[in-house]
Amino acid sequence: MYLEISKPMDYRVGLYIRLSKEDDREGQSESVANQLSMLTEFASQQRLDVYDTYIDDGWSGTNFDRPAFQRLIADIEAKKVNMVITKDLSRLGRDYIMTGHYMERYFPEHRVRYLSPVSYTHLTLPTTPYV
C-alpha cells in the first residue's frame, strides 16, 4: 500500500473502527484488534497525530446511530478531528446513500479529509472555501 500524506502535521486524526458481529473472544473482537493495529501503524508511518480512536464493536453498518460514530461526529463538529481513517469504506457504513452523504457532503463541508488505506479511497478538500 503506497499512500503519502503531505503536511501530516495539519491533521488531527480520528481512527474509526467498526465490526458488526463479535467473535468468541472476550473484549474486543479479533477483527477490531486487527483494524486497530493496521490503522495505528498506518498513522505512525504517515507521521499523523491521532486525536482519538472510535470503536463500534458489534454494531451494524446499516445505520449511523452508533455510539462511537456519534462521538466522532461530535469531535468533528468541535473541530477536534479533521481527518477520518477507516480500514475500508465498508467500515464507515454499509448504507450507501448515507455513506455517500458523509463522503460527498458532510466531510467536505466540515473540512475533513477521509482516508481508507486498504481500498485506496481518499477524499481531499477543495482548494476554494465553501460559501
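Three salt bridges turn up when the whole structure is searched, and they make good stops for a tour of this predicted model. Keep the structure open in your viewer and select along as you read.

**Stop one: Arg71 and Asp52**

Select Arg71 and Asp52 and show their side chains. They meet in a salt bridge, with N and O 2.7 Å apart. Because Arg71 sits in helix H2 and Asp52 in strand S2 (residues 49–57), this pair ties together parts that are 19 residues apart in sequence. Now switch on the surface. Arg71 is partly exposed, at 35% relative accessibility, and Asp52 is also partly exposed, with a relative accessible area of 26%.

**Stop two: Arg91 and Asp88**

Next, pick Arg91 and Asp88, whose side chains form a salt bridge at 3.7 Å, N to O. Are these two partners buried or exposed? Arg91 has a relative accessible area of 10%, so it counts as buried. Asp88 is buried too, at 15% relative accessibility; the cut-off for that word is under 20%.

**Stop three: Glu109 and Arg105**

Move on to helix H4, which spans 96–109. Here Glu109 forms a salt bridge with Arg105, and the closest N and O atoms are 3.0 Å apart. Why are Glu109 and Arg105 separated by about one helical turn? The two are four residues apart in helix H4, so about one turn lies between them. On the surface view, Glu109 is partly exposed at 41% relative accessible area, and Arg105 is partly exposed at 48%.

**Stop four: two loop residues with positive phi**

A little background helps here: most residues other than glycine have a negative phi. From helix H4, step into the loop that leads to strand S4 (113–116) and select Arg111. Arg111 is not a glycine, yet its phi is positive, about 60 degrees. Its relative accessibility is 37%, so Arg111 counts as partly exposed.

Then go to the loop between helix H2 (67–77) and strand S3 (83–85), where you will find Lys79. The phi of Lys79 is near 60 degrees, again a positive value in a residue other than glycine. Lys79 is exposed, with a relative accessible area of 63%.

**Last stop: Lys7 and Arg47**

Finish in the segment before strand S1 (12–19) by selecting Lys7. Lys7 is exposed, with 55% relative accessible area. Add Arg47 to the selection and draw a line between the two C-alpha atoms: they are 9.2 Å apart in space, while the residues are 40 apart in sequence.

Notes. Residues numbered from 1 in each chain as written. Predicted model: local features only at pLDDT ≥ 70, side-chain atom pairs only at ≥ 80, totals over all residues. Heavy atoms only, no water. Buried < 20%, exposed > 50% of the residue type's maximum accessible area, 1.4 Å probe, protein only. Salt bridge = Lys/Arg side-chain N within 4 Å of Asp/Glu carboxyl O.
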